[in-house]
Amino acid sequence: MTTTMESLIGLVNRIQRACTVLGDYGGADDSVSALPTLWESLPSVAVVGGQSSGKSSVLESIVGRDFLPRGSGIVTRRPLVLQLHKTEDDGQGEYAEFLHIPRRKYSDFAMVRKEIQDETDKITGRTKQISPIPIHLSIYSPNVVNLTLIDLPGLTKVAIEGQPDSIVQDIENMVRSYVEKPNCIILAISPANQDIATSDAIKLAREVDPTGERTFAVLTKLDLMDKGTNAVDVLEGRAYRLQHPWVGVVNRSQADINRNVDMIAARRREREYFASSPDYGHLASKMGSEYLAKLLSKHLEAVIRARIPNITSLINKTIDELESEMDHLGRPIALDAGARLYTILELCRAFDRIFKEHLDGGRPGGDRIYGVFDNQLPAALKKLPFDRHLSINNVKKVVSEADGYQPHLIAPEQGYRRLIEGALNYFRGPAEASVDARISAGGAKVFNYLSRHLSLTNEVFFQVHFVLKELVRKSLNETQELKRFPTLTAELATAANEALERFREDSRKTTLRLVEMESSYLTVDFFRKLPQEVENKPGNPAAPTVDRFSEGHFRRIGLNVSSYVAMVSETLRNNIPKSVVYCQVREAKRSLLDIFYTQIGRKEGKQLGQMLDEDPALMERRLQCAKRLELYKSARDEIDSVSWAR
């Protein structure tokens, strides 16, 4: 089976209806305009004309029914998608259906007119405002051809009472948004009793379709031209040439409308007018509303057939893009507590995985911890003021104070111990006090002082703590799944940082223990290997002379203590990184969220739902993407249901 005109136009009709239901329609000032639009890729016929150009009469003549609202000013205030379906003359007669009232058939076309008016007022109110949201009307009749027309608001030059000053531009913008699309066929309506050069429809068509390839021009009111004049030059394309021929029509007069002259009779009178006209008789076979309808139907079918491959390609490509975005946005959250808890745990694992990748080298950042040990720790060791502590004057002072009233006999052991203990205190320093002040002090002077005098141990694990906090922040930002849950992200950040604070405190205590262990027991072998000083005594001239009160004696003591401190410094340089990694980095990898897991396990479903409270903008985006995805899949199914001619 091959495609027919009916199946092609019907296919586009079904897709257009789906577009409107799911919020995709041409000319919309859409807050989700970044979403792909299928409407604009569908071939359509847009009816354009100025007010009082006879636009409504042309449409009614094509349909063969009197069904459009009439009146002064702007009557068409919403686009009307008019879908005509040719039926067999099986006795069912003619009827109409609206998309917004499914399964209700209208056989009284006066009620169709009323419903168009009521549905327009529902959106725009009883004002003269306009709206881009279309009304879909399907008419089934044996007296029509398969054709879809979009009736747009009439172009106007001035605003009437009750309308904003912008109405003229608003209408033009809406009409232009339809006709400027390359898949739109323009049906430009112009009255014959006005200069064609001033036609609003022709002017706009010329701007958006300068070659005239998409424009079909209709000349109305030929029977109302002044006696002795005609529009032959226009109809034959000499006054204004288009790619397609002009079509002249003769509509019902206002008197005919007032007398409710039958449309079928009006069509017959139109045929008689052209056949008997001395001016247009030679063009009679290509004039009239019936010929116009057949011409448009055939052309629309040809355009649809030519565009279908591109439309199919666009649909498939867009489905892939929308599904990818839906995966990125995440699927809607289930309502039961178990599913919510599972979702939270999966999100936590995703964050934890990225955090570990930073530490293990899969992502950048973890190398900064090694930088603390390799650069900042040695630099901090060099900055410790041992030279001042082991100056000759200070050594002499400490040794003398340690001796008390009785000077040392051979080696100043107590002096040695006090000097070593004082030097090791620089490794420890006021660690606990400086940590507390670092956290609580708000004054700039206190902060600067502590920054300059921060003890070695606190400086190291504070720097590692800072790196870990920064990696937590980066990992949260890089966990794409969390972006839709700002509340959960904030709670994760709080829980992770609280855990890091605990790890830092453990690291501080453990690292201080390393320093305290060095202070609590000195390495005796180091001192046993030092050259012994022997005091100068009479009768022993071969012995080296040592004056316990000379500068050389105290300088030697300082050098010995300095050597011992250097040994301890090297030991701490090797052990402090182990302590910090064990207490901070290792624990961050193993148990960063352990307490958080325990806490969420006790929460009720409502509390879990609050943690999964999404950004409203993201929820709206997902909803709109889901609608568009449904639309494109529906369109693909519609196209697949049609058999195509080879």
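Q: Leaving aside its neighbours within four places in sequence, which residues is Trp246 in contact with?
A: A word on the source first: this is a predicted model, where local features need pLDDT of at least 70 and side-chain atom pairs count only at pLDDT 80 or more, while totals for chains, interfaces and linings use all residues. Residues are numbered from 1 along each chain as its sequence is written, and side-chain values use heavy atoms, with hydrogens and water left out. With contact meaning heavy atoms within 4.5 Å, the partners of Trp246 are Ile196, Ile202, Ala217, Val218, Leu219, Val234, Leu235, Gly237, Tyr240, Lys286 and Met287.

Q: Which helix gives the largest share of the largest nonpolar core?
A: A nonpolar core is a set of buried Ala, Val, Leu, Ile, Met, Phe, Trp, Tyr and Cys residues joined through side-chain atoms within 4.5 Å; buried is under 20% relative accessible area, exposed is over 50% and partly exposed is in between (1.4 Å probe, protein chains only). This core has 105 residues, and Trp246 joins Phe67, Leu137 and Leu222 as the members touching the most others. The largest share, 14 residues, comes from residues 289-329, which is helix H9.

Q: How many residues are in the second, separate core?
A: Ile344 and Phe386 belong to this second core, as do Val467 and Leu492. Its residue count is 63.

Q: Is His358 buried or exposed?
A: You'll find His358 in helix H10 (residues 337-360). Beyond four places in sequence, His358 touches Arg363, Pro364, Gly365, Gly366, Leu471, Lys474, Ser475 and Glu478. Because its relative accessibility is 1%, His358 counts as buried.

Q: Which two strands sit at the edges of the sheet?
A: Strands (E, at least two residues) and helices (H or I, at least four) are DSSP runs numbered from the N terminus, and two strands pair if DSSP finds at least two bridges between them. Here 9 strands make an open, mixed sheet in the order S4-S3-S5-S2-S6-S1-S7-S8-S9. The ones that pair on one side only are S4 and S9 (247-248).

Q: What are the bridge partners of Ala96 in S5 and S4?
A: Strand S3 (residues 95-98) points Ala96 and Phe98 one way and Tyr95 and Glu97 the other, all of them buried. S3 runs antiparallel to S5 (residues 135-141), with 4 bridges, and also antiparallel to S4 (residues 101-106), with 2 bridges; S3 and S4 form a hairpin with 2 residues between them. For Ala96, the partner in S5 is Ile139, and in S4 it is Tyr106.

Q: In S6, which residue is the bridge partner of Val47?
A: Strands S1 (residues 44-49) and S6 (residues 147-151) run parallel, joined by 3 bridges. Opposite Val47, the partner in S6 is Asp151.

Q: Which residues are closest to the centre of the largest cavity?
A: A cavity is a set of points on a 1 Å grid over the protein atoms alone where a 1.4 Å probe fits but cannot get out, and lining residues have an atom within 4 Å of a point. The search turns up 4 cavities of 30 Å³ or more, and the largest has a volume (the space filled by probe spheres set on the points) of about 110 Å³. Of its 13 lining residues, those closest to the centre are Pro69, Val75, Thr76, Ile116 and Thr120.

Q: Which helix gives the most to the lining of the largest cavity?
A: The lining divides into 6 nonpolar, 4 polar and 3 charged residues. The helix giving the most, 3 residues, spans 109-124 and is H3.

Notes: 1 Å grid on protein atoms, 1.4 Å probe; cavity = no way out; pocket = protein on both sides within 12 Å on 5 of 7 lines; lining within 4 Å. Nonpolar A, V, L, I, M, F, W, Y, C, P; charged D, E, K, R; others polar.
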